[in-house]
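Student: I am new to this structure and would like to go through it step by step. Could you show it to me?

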Amino acid sequence: MQNTRIIDAVELPYVRHSEENTASLLQRAVLELVQKTGINLQDIDGLGVSSFSYAPDRAIDLAWQLSIKPSWLHDDSNGGVSALNLLQHAMAALAMKQATAIVLVAGDRFDADTFHKLLTEYNSTNRDYLYPIGAASPNLLFSLLTKQHMEQNNLSPQDYGELVIQQRRWAAKNPNALYQNPLSMDDYLDARAVSDVLGIYDCVPVAVGANAILLTHKDHPIAQQNQTIKVKALQALHNYDDQLGNGLKTGLSQIKDRLWQQAELTPNDIDVSAIYDDYPVMVLAQLEDLGFFEPRQAKSFIEQSIRSQKLALNTSGGQLSCGQAGTAGSMHGLVEVITQLKGQAAERQIPLAQNGLVTGYGMVQYRYCMCAAALVLSIN
Amino acid sequence: MFYTYQCQCCQQHIFPKRAICPFCYNRHFLKKEDANGIIQNYTIDQRSQAVISVVQTTHNVLVVTQSPHVIAIGQPVYIQQNKNKILSFSDQETTS
């Protein structure tokens, strides 16, 4: 961990629909990163790729397209956690001197047909047990989770709406956000229903886009010449409860202590946070798991820390306002926190942001997701 | 008819079946009838009006089903499986 420095990050602005294919998106994200950081393509010796829709191509095919000659190469398609997975492996590669300058890139492009295919063939459990009963869409599983969470925490639709509205307030300051128009509570409550408890603003909109980051060994010349970001802690735990729980606790609940100890920080030290936001319910579940509030205190936390924006939460607008470009969604929050820590966030910049938190969450199995990871970053 | 999988070592039931018992790491299961349960949670798909429910079976397994009509939490149901289509009916039939 001490050997890793994150140099910079880019995001191709997400769009709702595009004719550009995934290969082109991934290439463009890497080339934009190369231009932004000034690294030469021939100096990149590690490449990690995350995508659902890049198949049949893989990381090596992107390397060939861009004439990158990697000594470290990795593919990861674990959805909302794939960016932090890639980072975890990349850090090990830097520590082992298997590579010195690594690009991680995530991107996806879906149309109606390919998105339907993704949903119906997401995994064998989904294909065999959820699709046949009309429950292949994650909207319905997260609707079940929201209903349960609402009851356990005595929350109203307005409470989830507050989180969505505050994220939209951030999005208004992000020229790249897909949805920037202000959202009122009436807009939120009157939105088209997706289920008996979820409206469209509770469900992450499908988008097209890509993100990329550059990380190097701390001794790399580019790390010496730039303001860089240090990884203070990275912890992950997947399938922690074997799908035997209620889905409202994630693996983060088990790694919380290790994470904060490794970072030598507490939730109070975090200046900017990107909590994986496919659905508002899971943002609250992850914040609780990481110790931002005690169990059953979600309502007062929303009132005191989210409504007031005391917690700088998903300052890009999050995926709920920027969209979810498939696995790129796993890198969206990471790019935003890097952007904030490097002081590049313009109108939405958190003054003097020193420490950032990023989470990843994803991969529905039968009733809820299996994967969870959290990362703490600090400006060097 | 609906079946869950009982671990031959610790007797716990699971569904869907997997390679290893998550409770005791045994590999051997017996298919056991486990069709009676109660509605633990449900949601309604606004577009299709499908009622997707989670049923807690007698052997404490949570099964995602589709109910043919709106049901209530706590309501007893009977699960039927037709190939992979798992449906729960509120007109309970007793099987034991």
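Tutor: We shall discuss the interface, then one helix, then one glycine. This is a predicted model, in which local features need pLDDT of at least 70, side-chain atom pairs count only at pLDDT 80 or more, and totals for chains, interfaces and linings use all residues. Residues are numbered from 1 along each chain as its sequence is written, chains are lettered from A and ligands numbered from 1 in the order in which they are written, and side-chain values use heavy atoms, with hydrogens and water left out.

Student: How many residues of chain A are in contact with chain B?

Tutor: 23 residues of chain A are in contact with 23 residues of chain B (contact means heavy atoms within 4.5 Å).

Student: What area do the two chains bury between them?

Tutor: Chain A and chain B bury about 2,100 Å², with 60% of it on carbon and sulfur atoms. Buried area is the accessible area (1.4 Å probe) that two parts lose on being put together, summed over both.

Student: Which side chains meet in a salt bridge?

Tutor: Those of R18(B) and D242(A), at 4.0 Å from N to O. The rule finds 1 salt bridge across this interface (a side-chain nitrogen of Lys or Arg within 4 Å of a carboxyl oxygen of Asp or Glu).

Student: And which helix gives the largest share of chain A's side?

Tutor: Helix 6 of chain A, with 5 residues. Helices (H or I, at least four residues) and strands (E, at least two) are DSSP runs, numbered from the N terminus.

Student: New topic: which residues of helix 10 in chain A are buried?

Tutor: In helix 10, residues 252-263, the buried ones are L252(A), S253(A), I255(A), L259(A), W260(A) and A263(A). Buried means under 20% relative accessible area, exposed over 50%, and partly exposed in between (1.4 Å probe, protein chains only).

Student: Why do they line one face?

Tutor: Seen down the axis of helix 10 of chain A, the buried residues fall within an arc of 140 degrees, so they line one face; the arc is that of the directions from the helix axis to the C-beta atoms. The face turned away from the buried side carries the exposed D257(A) and Q261(A).

Student: What do the buried residues pack against?

Tutor: They pack against strand 6 (229-236), helix 11 (280-289), strand 8 (355-364) and strand 9 (369-379) of chain A.

Student: Lastly, where is G74(B)?

Tutor: G74(B) is in the loop between strand 6 (62-67) and strand 7 (76-82) of chain B. G74(B) is partly exposed, at a relative accessible area of 39%.
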